[in-house]
Structure formats: C-alpha cells, structure tokens
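Reader: I've got a structure open and no clue how to read it. Can you take me through it, one feature at a time?

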Amino acid sequence: MAVLDDISEAQVKAVVAILSSLLETSRESDTHGLMTIYLVFIDVLLQDLMGYRVMKTYMALFHDGMITDVDDRQVEQLRSLFLAHGIVFRSLRYIDSIFSHFYTSFLEINAKKQRKEHGQFYTPQSIVQFMWDSCLADTQLLTGVPRVFDPCMGIGSFLCEFLTRLVNTCMGTSSIWNNAEYLKHMLCHAIPQNIWGVEIDPFAFKLGKLNVLVHLFPLYKRITELSNHHIVSVDRLHLFCNDTLRLTIYDNASPWERAELQRLRDATQLKFDYIVTNPPYMIRKTGLITEPDPALYDARVLGGRGAQAYLYFMWICMQRCDPVSGQLCLITPSQWMILEFARHLRAWMWQHCQLLEVYQFEPYKVWPKIQTDSLIFRLRMRHENATKKKLLFLRHMSRKATLDDILYAYTHFDSTAVHDPLLKYKLTCVDNIDRIRQSPNASFAFLSPTSKLSDQLNHLTSDLPRLCNSEDAPLEFHRGPNTNPVYALVVRTQWARETFGRACCDRWLRPAFYWSGKSKGVDKESTFWLHRDPQRLTRKETSPAEAYLPLIRTENGEPFYSMILVDKTGAHELERDPQQYPELYRYLSEAREALQDGRADRKITWCHYNKCGADVPVKIVHPINYGYFTKSQPRQRFFMDRSRLCLTNQCMYFTPRSILGPTPEYFCGLLNSSTVQFFIKEHCYYDQQGRTRFFGKNMANIPCALPSLQDGPIMTTLVQIVSHARFFIYAIVELTQLQTLMEKVRGGSWDLSMTDVQALEQYERSNPLWREPLRWDDVKYKSLREAVTRVLQRASLCQYAIDHLAYALYQIPQELQRALESELNLTLTETWQNQLRECNLPQVQYDRVSWGQCIIKMISSM
C-alpha cells in the first residue's frame, strides 16, 4: 500500500477533492461544515501517525477549549475513502499543501466577497518555503527556539513552515531527537513561549491554531516513544484572535492574555528574531481593516487617509524586529518602493533598516487571478556591528516562466555565471545612510534592476527643461473645474435643448468633453437623472480620449454633452430674474436641493468654470486618472482640442506658454511618444495596481526636449498625418461599429482578423458608394478593406516615426531605446525595423531633416 510520502501530485489533489466532496454533502453551515471536516481529517491523520486514535487526548494538553468530539462514523468514512486510494499518512510532508488548497478552494466557493474585502489571498506554499529559505539560509536551529512572529497568520502557513523546519532539525540531530526531557521542554515551554501569531478573522484563527497543533504532534509522538512519563499540559500558545492594527485588550480577556498582549503592544518590551508574513494588500478602512490605534503607529511616517494596510503591518514588524539578531521577510506589492504615498516610510526605513534581498514578481505570477505585482523583501535593523553586505535585487521579466521556474532561478542565482537575459539583477551598497537624500521623494527606484535604465535616462535629460510649471517650462498645466454636485452641471445636449430651449442653451451652455461613469443605480445621482433624462444613464461610458484626435460621442451632429456655464455671478443674474430662463432656474434649484442638501446657503447650484478651457483656442488634453497601461490601452492619449470644448475635472490640459515656440502639434506628438511614456510611468504612478494620475506636480518632473527650427516641422507634419488617419478610422468605426479597429490603431497594428474582413466586406456590399459618407476621395484603393489596412499602416508608421524622432531629440542611444521599449512592452520598433531596413533611410540621430523628409514621403505614399 502506498504512503503519502510516495504519492503523486494527483493523489495529493485527490485528498483535497475527497475533503471538498465531504464538505459539499455536509448539512452544516459553511464554516461549521468546514471545521467538522477539518477535525475529522486531523483525527484520521493523527491516528495514522500514532497507530491509534489520539486526537482528543493530544488536543486536551493545550487547554484551549476549542476542540469538540468528532463523529466516529465520519472518521471511519474518511479513513475508508483514503484507504480506497491507497493513502496512509506516515509524515506531515504534504499537510501544508493539503491544508492551504482545501481552505483556498473553500474560500473560492463560499467567500469570494470576503476574500476581496479582507484581502485574504493565502500564500502559495512554494512562496512560504522560499521566504523561510531566504531567512534561514545561514542559520542552524540547534541553539534553542528563536522568537518568531506572524502578525497576520491566517491559517498559520508561515508559522507551520517554521515549525516543520524546527522539527526536521530535531529529527536530524540524534542528541536532540533521543532526548525526551529536551523535547518535552521544547513542546511544553520553549515553543509556546516563542511562537507568536495574531489573526483578525476568528474562523481563520481557529484553523490556524489547529494547524500549529498538528505541526507540533511529531514532538509529542517522539516523547511518548522515548518515555513512559505522560505530558500533563503545554503552556499557552501565544496565538491571539485580534486586530494587529489595534491589539485591543478586551474586558473579558484573562490576566495572562492581558499581560501578553500588553507586551506585544509595547515594541520596547518584545523583540523577535524572525517576522515572516504576507500582510493584507488592500487599503485600510475597508473590510476587516480598521482605523489603527494611534498608540501603535506614527502617522508622520505612515501618512494619513488612504494609506495602504500593508504599510501598517510593515511598521509593526520593523518596530518589533530584534535590533541585533532580527530578520524581517514580507511579501507585499512593489509600489511602496517608489510611489509618493510611502515616501516618509522609505526615508525612515533607510535610516533604521538594512535591506538585504529583494525579489520582484510580475502580475499574475504569485496569484494567477490577481493583477497586482508582488515583492518579497528581507531586511534587518541597522546596528554598529552589522556585517557590510550589498543588497541583491532580482526581477524575472519573463511572461512565460511559471512561478516555480522563477523561484528556482532566484534560488540558484549567481551573478558571476551566465543567466537568462530576462532575469534582471542589481547589487547596491546600502551602507550610506545619506544616500536616500539624493533620491526624489526618498524613492527606492535606484535599487531596482530597471533603475539602470532610469538612472541613465535621468542623467541624459538632466539639463533639459521640465515639461510644465517652471520658469523655463514650455507648457502650462491646467485641470478642469469641479462641476459639483456630481456633474449635474454637465447635461445631455439634446435633452437641454428640449428642456431649456435653444435661446437659453445658446446663452448658458457650451459643448463639453465628458463621459458618464454611471449607469442606473439607487444613488442620489441616478435617482435624480432617472426622472429627468433616463438616456443619461443608458450605460457606463469609457473615456472618449484617444491619442491626437478624440473619439467624441455625438447626437444629431452635436456633441453629446454640454456644460452649463453658471458661476457665482451667473447664479446672481438668474436669481434676480428667475422667469427669464425659468426651466434652467428650476433645474439648477432642484439639483441643489437633491444633490447638495448641505448647501442651504445657495438657491441654485453653480461652479467656478473659469478653468474649463472654453476660452482657450488650442489645448492638449488628457484624462487626469488614466488607469493602467494594458494591451488594449498600451499608450497615453494626449489629443488637441481646437473647438473650445469645455472640460471638467475628469481632465487636465496643457497650453503653450508662448505663441513663438513649437507648435501644439509638436508637443502633442512628444507627449504621445514612448520616451514620455517612460517618464510618465516613472513619475505618475499612484497606487499599488500601477494606475497613473496626471497631476501637475508629477508632470512637472518630466523632461522636455525642445526642437530646432528644422525638427519642429517634422513632428508637426507627422502629427497632422496620424490625426487625419485616425479621423478616417474613427469614421469607419462609427459606420460599421467595428470596435476592434480602435485596438489596432492604439497598438499600431494593421492585421485584420477574418471577422474584421467579413464586417468590412459586408458594409461595402451594402454601401457601394462607401467613399461618400467617409468623405474619402482617394481612388487608388479598390476596396474598403484595402483602404482600412493602408490607413492603419500609415498611423502605425507615423507613431513609429514620432517615437524615433523623440529618441533623437532626447539623444537616447539605441541600446537604451531597446531597454525602454522592453520595459514598456512596446513592439512598434520590432514591427517596422525589418521593413524599413531595406529602404536605406538616413539615420535619424545623425540627420533628422533628411530622415524626416524620407519617412514622411514614405508614409504619404501609402
């Protein structure tokens, strides 16, 4: 008969499947059913290990009052199912994997909402093992039990992995494994005194505590084998069901628990040798994450509203890390290393801690369903006698490598040996405490392997003016006004004309660039619009912003939205004579009452619209909150507006500071280039998902290359050509509803799918005079399919040319161009390089004028 040590991965999965099937047929509620199956499984497990049923006797040693009797029939049923699969447990080798898979599958079925709200995404066992390998690489667990702490223990994965290693060390050391008195001391006193854990979720805490007891069982078994003396009791385990962000001492707590929690609250009293954990990722004040106790945290270091939950866990861990022997190893998102929200924490960390190792994982690698990337970092506290050691930062950038592949590469990395070119590394001396002062916002970006590229680009552009908001900057930054209440001052144009009348609209309304982020709901805004203009809520809209030329929604030939330009002065004018524009006055009054009930000082709603841009002849516009760079949205989307559209605070915009400088087209091209995209990623990320926010203070850090008299017209012409090409593509999309063309024009591709081709051919058959509605007078294209393909190619080559003209203007050498495009996952150069190699183009970095003339001629001939 096979034993568990020898079973295959499929048989391990069979154990989980058997447990899950029993849970599904259980008549108890979700958590009670899971606990029952857990206890039955542990009963069978311990019986196999011991040779007789022992769970009740063993669990009674810990005096926790948590364990109840299990149904003998369920125990026998489970034993029979295991025996039918040839499974008899002889060790705990696969237990952690079974526990975590079983509980994770339970969460996926029964608690998806809980996982999202509480940040409960349990750590893969391979990651747990890797983190402990990192901490214990040079350590022998033979000199006693070190003090270990997990402040968010979950089901106990990290603590159990440590206990597994501790027990295995004892097994491998005959002088310990054959010493009953020493093992008794470990089980009854040393381990309970030195293993600490806190978990906020009561159910996960119970499971975690059970798992810890299971991992202590080999010591109990060995003691009974060596000695006839019975163990009377085990000291209380330092495992607490509590909120680490508060560590509340409840009124009903026992004197022992009060005293021990008070020790844990006071970072000066209690220090740990190892703190290894996976803290919750989400923003605090959601789910189970509550307002931290001010006595435990320094708000000056951690920041205020909106701070990420894991920052608070990092703080409590660092405060309790032993200053001489302690190590801390956490897995978190990577964004705290560079983003502004953690700048004070980074400055404190650099002064007080010494980073030892950092391992970065791309999104979806650690948790396949989670977009956030991950970072494992290990550190110790700075002290005088610490050995000097360079920080190793590893980042595997392969999209195809599995998590196991990446962990193997990290474990066996040798900087002196040949390694995968996608495995980036950097060694950095971290001894200089003053080094952090040289880094903007105390950023740790200089530690990253990709910072080699960042450092070089920053050095190359250090003498260039900044983009905006400085004396020598060529652009001025603006943000659209806040059209509160909840965008009530933006209305559907046709509804406004029908409701207010044309004369009123001509006086008070102007076309607006806007998109509705709402659909039908029960909130105040939805209720307000549902009884006035239900079409306003037909669907949640995406931003119509597109590079160079926006994709503005229209209705009956007019922009879909308009802004009501009523400010304080306009409000007084309307209030003096409400009957001059009665419908508008009534609407603004109702909007104030329904949506601004706290503004009783106003009769009608109004806003300061002077920043909306309605009086600006030309502006370069972009959504202020952009989101992610993705496959369908691979680049920024700056566009020019010459029609004096009104903007809300959904958007920011630039205006040239001088009419004598480069054209707006020049700046629009530069802003949409891959070079500026890199600097946007450097300076405009604002959260752990890598979303970008185009605030003036961030855009002001981006360098701006100014053209010569010959360079400017080349960029201007390229932008004009790509804008014309996009105009044609947008018209095709509007007529055919073929939205896939938008992804192609954004990504610079032109390969039409069979579905695309069929849709275009169908439209052409139904509309043989297709050129007329498109105002397309070029007869050299025989079919709509050919025209679309060629125009997509033209737009793609224009973007390639804009990127490479920007490289030349910023004087970025080819090796850095390749590194930059690899970092941004851009493939346009690769797409065009082979085709252009045969054209004998001049080198743009040496002769921009000749290069520009040749490539513009090539584009125009398409």
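Author: Sure, starting with a word we'll need a lot: a residue is buried if its relative accessible area is under 20%, exposed if over 50%, and partly exposed in between (1.4 Å probe, protein chains only). Bear in mind that this is a predicted model, where local features need pLDDT of at least 70, side-chain atom pairs count only at pLDDT 80 or more, and totals for chains, interfaces and linings use all residues. Residues are numbered from 1 along each chain as its sequence is written, and side-chain values use heavy atoms, with hydrogens and water left out.

Reader: Is Trp-348 buried or exposed?

Author: Trp-348 has 16% relative accessibility, so it counts as buried. Trp-315 is buried too, at 6%.

Reader: And how do I describe two aromatic rings together?

Author: You give the distance of the centres and the angle of the planes. Rings of Phe, Tyr and Trp (its six-membered ring) pair if their centres lie within 6.5 Å; planes under 30 degrees apart are stacked, over 60 edge-to-face, and the rest tilted. The whole structure has 49 aromatic pairs. Take Trp-315 and Trp-348: their ring centres are 4.8 Å apart and their planes meet at 55°, so this pair is tilted.

Reader: Where in the chain do Trp-315 and Trp-348 sit?

Author: Helices (H or I, at least four residues) and strands (E, at least two) are DSSP runs, numbered from the N terminus. Trp-315 belongs to helix α14 (residues 309-319) and Trp-348 to helix α15 (residues 343-352), so to speak distant parts of the chain, 33 residues apart. Now compare Phe-560 and Tyr-561: with centres 4.9 Å apart and planes at 75°, the pair is edge-to-face. Both of these residues are buried.

Reader: What lies over the face of Phe-560?

Author: That's Arg-553, at 3.8 Å from the ring centre. The rule is that NZ of Lys or CZ of Arg must be within 6 Å of the ring centre and within 35 degrees of the ring normal. Likewise, the charged end of Arg-507 sits over the ring of Trp-508, 3.7 Å from its centre.

Reader: How do I read strands?

Author: Two strands pair if DSSP finds at least two bridges between them. Strand β2 (residues 195-199) pairs in the parallel sense with β1 (residues 148-150) over three bridges, and with β3 (residues 238-241), again parallel, over four. Look at Gly-197 in β2: Asp-150 stands opposite it, and so does Leu-239 in β3.

Reader: How many residues of β2 are buried?

Author: Five of its five. Ile-195, Gly-197 and Glu-199 are on one side, Trp-196 and Val-198 on the other, and both faces are covered.

Reader: Can a helix be covered like that?

Author: Helix α24 (residues 674-684) has nine of its eleven residues buried, so the rest of the structure largely encloses it. Among the buried ones are Phe-678, Lys-681 and Cys-684.

Reader: What about a nonpolar core?

Author: In soluble globular proteins, nonpolar side chains tend to be buried together. A core here is a set of buried Ala, Val, Leu, Ile, Met, Phe, Trp, Tyr and Cys residues joined through side-chain atoms within 4.5 Å. The largest has 108 residues, and Trp-132 is one of those touching the most other members. Apart from it lies another core, of 89 residues, including Leu-670 and Phe-694.
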